[in-house]
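Thank you all for coming. I would like to walk through one structure with you this morning, going element by element, and I will say where I think we should read with care.

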Amino acid sequence: MRNQANPWLTGNLFVLVLGMLPAIVLIGALLYFTAWAFAFSFTDLALVGRKSVEWSWVGLENFERLFTRRGFLESLWTTVIFVFFSAIVGQSVLGFLLAATLRGTQSTIRSVVEVCIMLGWLLPDIVAAFLWSATTSQTGLINQLIVVPLGFRPINFINEYALPIVTVANIWKGTAWSYLLFSAALDSVSREVVEAAKVDGATPFQRIWLVQLPIIRPHIATNMLFITIWTFTYFPLIFAMTGGGPGRQTETLAVFLYNQSFARGNLGFGSAISVAMLAIVGVLSLFYLRLLREPK
Amino acid sequence: MDNTGPSRLTAIALAFMAVIWVSPFSWLILNAFNPLSTGQLEIPKAFGFDNFGLAVSGNAGRQFINSLIIAAGTATLSVVVGISAAYPLSRLRIPGRNALLWTLVLLRMLPSAGVLVPLYFAAQRSGLLNQLGVIIALTILNLPFTLLLLKNFFDTVPIELEEAAYVEGASLLQIVTKIVLPMSRAGIAVVWFFSFTGAWNEFLLPLIFARVQDAFPMSVGLYAAFGQQGAINYGFLTAFSILYAAPAIGVYFLLRRNMNTGFAGVGVKG
Amino acid sequence: MLRRGFLTTVAAVSLMAASALPTQAEVSFMYPEWLSALVEPGIAAFQTETGETVKAIKLPGQGYDQRIALDLSAGTAADVNVMDSFMVSELASAGYLLPLDEQLKGWDQFQYYMPGLLEVASYQGKVYALPTDTDVRMLWYDLSNFAKAGIPTPWEPKNWADILDAAQKLKDAGVQYPFQLPAGTKQAEAATMQGVYMALLGADVPEGDRNRLLKRDTNQWIGDSPALRRTFDLYAKVYAEDKLNPADLNYATDIGAAVRSALANDQLGILASGSWEDACLWDCNNPPSREVRDAEVAWTPWPGSGEPGTKKTTNISGGWTIGVNANASDKDLAFKLVTAIFDEGNFKAWTLATHRMAVRTDISESKEYMADPFLAKATALAADTTGRDTVPGYQTVSALIQQATSDLVDGVSVDEVIQTYHDALVDEFGKENVVTYE
């Protein structure tokens, strides 16, 4: 309740609400559009043709098919592995470590590393896919520089290790975001607090673990939520690299969703898949929300 | 100053990582400067700027301007709308505001495919099948992320500073512009850049919203590399994507330089 | 404040948009970039002849199908549109396209179109668009690898057993990709057209459409049939049971480049593909000389399965088309633009320059066209071709077929794949629209 006693806020409530108005209008529009996407999951809406105009309600049929037809459950498992290793372990941890290390580094090294990770983030998905498939192909960089000189036969990485390769490619592509967010977050930790900890004899590790991490906890939770959502729904890179194959090895839910809504043209079923994805990430986010709470 | 500076070992480790990180780009560079590029990783027999000439020969100049308008427009609109809503959200005790923001962010999981059709019809009815329409649509789609991020950054600004300013007679506007915004400068920059890159890479919305081909941004222009029956012009593709990514990286460094002179290093009285 | 500024801007921009609308008749036209060489001279000729201006919008191939579907349903589409032939029936069934029969009667060059090829652009007996070109499908094979495996050339397989036998010999001779049969969702339409449908057509007798995906007289999709089972069996043999081909070419990031490099490295045995490979096996735009190409590869028609009563050879065709929006402001002018593009001089020059297969007899019987030995021979196949099932729903069925081949690559049993396919058809079209053949 402390905040409400702040006179510069209570005295200007009208202005504050007025400031929120544009956002409220736009959020209203967003809710309107997403309500459509929700509603579509109970219809047989198609992408093209007659059923794109004259669709009808089909009740829970689309949701039943998630479990009675091949595809959804298999893809869910692939997605869980992909998200856990590429987003949570890869991007988030690596991004934080980089942000924490680079904060004290001279600017040249920092600039070089930043350019490197930023290039991945900014390269169009489709080009990143070509780049990674060229890197991992039988005549690619890894085979030419490492595998063949060591006397092994060239390895067809995408054929044999498809999921690990797309996972690494996604770490490469997406770490920049976590790095940026954590850098900005660490920036907001006041120097005095860190200095005080140093005077008290804390090691660099302790300073990060006991002082900085707790302060930026909300940012960590937010970042977990964001990258989980993005990685769950991220599809251009995998789709361009392997198309979900070989077979179904890299068919994540996002690829499955695309195949059902666009290739097959069943927007109704596609919407049901995305609503199910929403529910799954919704449950996950309850765990992340706990991070937000102060441990006191 | 912070003298926890890294040991030589950290520097070497970082440099090593940078090398690994950047090594896949060899493919991009080798193909871009190879006039006879085939998409294979090989040392070019010839070296030249033909591909870059090809990449800028078409509509690239116009497309670059369009990309810039869409990306900067989206980023600025997102940040302005976001700030004016996130500050009250951060400071006023609105019940369930966190749950609300998280729910909004979660809703963004619903694919734009489902949203696309109603969005398109709405834009058509309001006469917004143009770049302004793309900017507004992208702002709408960004807003949940923007709001949550900005609120988090405002939360970390100590309210005591605002109290002190109020006691000294500052108005709300002064408090926000003189204290809150400068203190969250890094965060605002990140959010702006996030919206900027998102819009810079957006392909589908500009493609379907544009009524004339002069309105296409670079993300659409890139696909000129793809012909029929899977024939791909790799020289064009690689050269174009270098030209395409470079401005966004430039924007990042402009932004970062301005960020560094700001809050970092300024002590905060607790 | 912001809100008001926003609204003012919206209003201002809407006004500007409204005032920019043309007052006089004008034809708008949308086409994919790779077709520029055909349509741009046509547009120029149209403008000089009529004095009208064409408002053209050129799109990349990526996202094209999506945009045209959205444009037509929202009423924002151009007057004249280029589209993939499989879209024609979908769009026509939704009422978005103008039936052209009336106008075609008054166009003297219409008589030259081959009727079989107009089928892909028709819906319920009416022509809704005109095809730009056609293609045929066949088995390409690498001559040096055939020599290495001791298979005599020219190779003339009579049935599927001959193909599998050759593939086995190639595998034993150490060829990495003995029989590249398009499979899986990444191959998209290629898996259906170049793979499944080519096999299916020869897998059973043509009577009652037993060798197709669709029973055309009743418009029912075939959920289970001996032909489907035999075709899926062929896939299972190639990819799972006999391991006659590794699957990875089907999932390469750039499948075309992967196939080209496999050919260049002598890793390819038999490739199920189409007439465009005459150039595209090397570089679609700058293929090597005829002699170089003929020394490296040759082709043979797809044989039937060898079951009694089946076709000796099979073929199926697709292609792109140009059609008129049902809501075009000036329909006659729009049609005039179509005829300007397809006017003999322009159409023939493009067909010859890009080595396309002609859709009109006045072009296919011309001296210049017959002078190309490949086109002349391949056109013979086109005479006995069949179109895709151009009814609404084809795209969906094709996607389900691709999914089925993906599962076969993964080693799922034919019974299970058929069951999944059948269930999905029922999900999409209802029980009454799916039949099975014993």
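**A walk through chains A, B and C**

Let me begin inside helix H6 of chain A, where A:Ile126, A:Val127, A:Ala128, A:Ala129, A:Phe130, A:Leu131, A:Trp132, A:Ser133, A:Ala134, A:Thr135 and A:Thr136 are buried. Please keep in mind throughout that this is a predicted model, with an ipTM of 0.84 and a pTM of 0.87.

The helix itself covers residues 125-136 of chain A, and its 12 residues reach 16 Å from the first C-alpha to the last, which is close to the 16 Å expected at 1.5 Å a residue. Because 11 of the 12 residues of H6(A) are buried, the helix is largely enclosed by the rest of the structure.

Just ahead of that helix, in the loop that links H5 (107-122) to H6 of chain A, sits A:Pro124. Is A:Pro124 buried or exposed? The count of other C-beta atoms within 10 Å is 22, and the cut-off for a buried residue is 20 or more, so A:Pro124 is buried. What does A:Pro124 contact, once its neighbours within four places in sequence are left aside? The residues in question belong to chain B, namely B:Asn201, B:Ser219, B:Leu222, B:Ser241 and B:Tyr244. Within its own chain, A:Pro124 lies 9.5 Å from A:Pro236, C-alpha to C-alpha, although 112 residues separate the two in sequence.

That brings us to chain B, whose secondary structure comes to 13 helices and 0 strands. Its C-alpha atoms fill a box of roughly 70 × 60 × 30 Å along the principal axes, and of its 270 residues 49% count as buried. If we take the contacts in chain B between residues at least 6 apart in sequence, 74% of them join residues at least 24 apart.

On the side facing the third chain, 27 residues of chain B are in contact with 27 residues of chain C. Two elements of chain B give two or more residues to that side, helix H6 (112-125) and helix H11 (204-209), and H6(B) gives the most, with 4 residues. Sorted by class, this side of chain B has 16 nonpolar and 11 polar residues, and no charged ones.

Turning to chain C, 4 strands form an open sheet with mixed pairing, in the order E8-E11-E7-E12. The edges are E8 (177-180) and E12 (297-300) of chain C, each of which pairs on one side only, and neighbouring strands are turned by 25° against each other on average, direction ignored. E8(C) and E11(C), the latter covering residues 268-274, run parallel and are joined by 3 bridges, and C:Phe179 has C:Ile270 in E11(C) as its bridge partner. Helix H11 (residues 255-264) of chain C packs on this sheet, touching E7 (137-142), E8 and E11 of chain C, and its direction makes about 145° with that of E11(C).

Finally, a word on confidence. Chain C has a mean pLDDT of 88, with 94% of its residues at 70 or more. Among its elements, helix H8 (residues 160-172) has the highest mean pLDDT, 97, and helix H1 (residues 2-19) the lowest, 39. Over residues 1-23 of chain C the pLDDT is below 50, and this stretch has 15 contacts in the model beyond near neighbours in sequence. Where pLDDT is low, the predicted coordinates should not be read in detail.

How values were computed. Residues are numbered from 1 along each chain as its sequence is written. Chains are lettered from A and ligands numbered from 1 in the order in which they are written. This is a predicted model: local features need pLDDT of at least 70, side-chain atom pairs count only at pLDDT 80 or more; totals for chains, interfaces and linings use all residues. pLDDT is the predictor's confidence in each residue, from 0 to 100. Two residues are in contact if their C-beta atoms, placed from the backbone, lie within 7 Å. The expected span of a helix is 1.5 Å times one less than its number of residues. Ala, Val, Leu, Ile, Met, Phe, Trp, Tyr, Cys and Pro count as nonpolar, Asp, Glu, Lys and Arg as charged, and the others, Gly among them, as polar. Two strands pair if DSSP finds at least two bridges between them. Axes are lines fitted to C-alpha atoms, for helices over the stretch in contact, and angles run from 0 to 180 degrees between N-to-C directions.
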